[in-house]
Structure formats: C-alpha cells, structure tokens
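Work through the exercises below with the sequence and the model at hand. Each task is followed by a worked solution.

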Amino acid sequence: SDCARTLGANRFADFYDGLGATHFAMGEMTPAIDAFRKSIACNPRNPNVHARLAAALVHAGQPAQARAEAERGRAIDPENLEPVAILMQLDFVEERWPEAIASLRRLIADTPDTERATYWQCFLWLAQLRSGLGTPGIVAAELTDDWPRPLIDWLEGNLTEEQVLERVKDVDSDKRLREMLAEALYYTGQARLARGENETARLYFTATVNLKVTYFIEHRMALAELAKIRASSGRSP
C-alpha cells in the first residue's frame, strides 16, 4: 500500500520487476502485468519497467494500454530505446509505416547489440516493402554474422527459404530450433503478405503461432496479422 512512499521502495520495485520478468519469460502475461504494475507503483520513474509492462500488454492483446505505457516510458526518458521498440511494434501492426520506419532507423543507429540491430533491419526491410516503396533496403550498420543474419540474406535475395531452413536445422537445442523456426516463419509470412499472397501469409502466421513461442514478439505480431486477415476476409475467429 502506497509503496512509493515506503522505506525501501526502490528495492521492492526491483523485486516486482524481477518477478514480472520471470512470468513474462514463462509466457504468463497476466501475473507479469500485475507484477510490473506493482513495480511501477513503487518506482513510477523507471522507463524500462514501463516498457516491459507495455510489452506484456502487447502479448496480452491490449495494444491501446500498451501504447499508453510505452508513451509514459518515453516521456520519462526520451533517450531510452525500450519504449521506442514497443511503439515501433505497435506502429508496424497498425500499418503506420512512416512512424515505424522512423523508429526503426533510430533503433538501428542507436542499438549497440548487433544481433538485436539485425532484427530491426529485418523489420525495416519489411516495413519499407509493406509501405509500397520500390526497392527496400537496410541501413548501413554492423550486422551479426550469426542468426538472424540469414533472414536478412533471404530478404535481399541472397538465400532461398530452403537455405534458411537448413540454417535453422543446424542448432542442437529443440527449444532454440522452435524459436528460430517461429521467427523464420513470421518474417517469411510478412514478405508474402507484402506481395499480396494473403493465403500463403496466413499459413505462415498460423504455423508461427502453432509453435507456441508465446514469449517472442513474433508470436503476438503473427496473432495480430491473423486477426486482420480474418477481419478482412470475414472468417470466423
């Protein structure tokens, strides 16, 4: 009760933040949301927790609430990239291409982790393709030599889908194989959707969701695309 005014509020905030992160990693979004909100009640000025709450709300299918939380985080610290990443994902799903592309260019420029920056390059390429630009391209920046580099190589036409699949099959862990396959299916589905192959895209997004990698944003974004496809075609949920 009234946690922000209690002695040790920051310590309690950290405990709740860790609890929320654990639930999130296990795909348990309802308790994750509750824990992140309790963390914010103890320390309302942490932009990263606002971003983590926003991510959990995205996964829980609450985009308006997620946007509000991400905006709160960005207002606290405009230089923090975590709220920007959530807002980009929401803009991508809602097909607000200029906003998504602008956020992605900033994320690529300011993200020191080459692996994460390579994912942003995938999204940038797809956002440009979905927006109707002639020839999509990536930003000049360092890319990882490992996964998800094959996805960029495929998007640019340097690898086939079969070759990407072979890269996925190279991993030893069943869990990691499922994660990489979910990502490959999602980004392939996005490329198919951009080319007007809605039914094929639907199959790819369905396969992404069926892998049940619920803690990955690709899972939630695939669900969002399926909902839009159903709405436009008059399919039942």
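**Exercise 1.** Determine what share of the contacts with a separation of 6 or more joins residues 24 or more positions apart in this predicted model.

*Solution.* Take the contacts in the chain with a separation of 6 or more; residues 24 or more positions apart account for 55% of them. For burial, the reference is the full chain of 237 residues, of which 48% are buried.

**Exercise 2.** List the secondary structure elements of the chain and compare its radius of gyration with the globule rule.

*Solution.* Step one is the count: the chain has twelve helices and zero strands. Read from the N terminus, the order of elements is therefore α-α-α-α-α-α-α-α-α-α-α-α. Step two is the radius of gyration, which is 18 Å, close to the 18 Å that the globule rule gives for 237 residues, so the chain is as compact as a globular protein of that length. Along the principal axes, the C-alpha atoms fill a box of roughly 60 × 40 × 40 Å.

**Exercise 3.** Describe the exposed area and the charges of the chain.

*Solution.* The chain exposes about 11,700 Å², and carbon and sulfur atoms supply 51% of that area. There are 28 positive and 34 negative charges, and the mean positions of the two sets are 6 Å apart.

**Exercise 4.** Classify the ring pair of Trp-120 and Phe-123, then the pair of Phe-123 and Tyr-187.

*Solution.* The structure holds eight aromatic pairs. In one of them, the ring centres of Trp-120 and Phe-123 are 6.3 Å apart and the planes stand at 45°, so this pair is tilted. Both residues belong to helix 7 (residues 114–131), where they are three residues apart, about one turn of the helix. Trp-120 and Phe-123 are both buried.

Phe-123 also pairs with Tyr-187, with 5.3 Å from centre to centre and 75° between the planes. The cut-off for edge-to-face is over 60 degrees, so the pair of Phe-123 and Tyr-187 is edge-to-face. Because Phe-123 lies in helix 7 and Tyr-187 in helix 10 (residues 174–194), the pair ties together parts that are 64 residues apart in sequence.

**Exercise 5.** Are Phe-123 and Tyr-187 buried or exposed, and which residues make up the cluster linked by ring pairs?

*Solution.* Buried means under 20% relative accessible area. Phe-123 has 2%, so Phe-123 is buried; Tyr-187 has 1%, so Tyr-187 is buried too. Ring pairs join these two with Phe-92, Trp-97, Trp-120, Tyr-186 and Phe-205 in a cluster.

Notes
Residues numbered from 1 in each chain as written. Predicted model: local features only at pLDDT ≥ 70, side-chain atom pairs only at ≥ 80, totals over all residues. Heavy atoms only, no water. Helix = DSSP H or I, 4+ residues; strand = E, 2+ residues; numbered from the N terminus. Rg over C-alpha atoms; globule rule 2.2 N^0.38 Å. Buried < 20%, exposed > 50% of the residue type's maximum accessible area, 1.4 Å probe, protein only. Contact = heavy atoms within 4.5 Å. Areas by Shrake-Rupley, 256 points an atom, 1.4 Å probe, with all protein chains shown as cover. Lys, Arg positive; Asp, Glu negative; His and termini not counted. Charge placed at Lys NZ, Arg CZ, Asp CG, Glu CD. Phe/Tyr/Trp six-rings, centres within 6.5 Å; stacked < 30°, edge-to-face > 60°.
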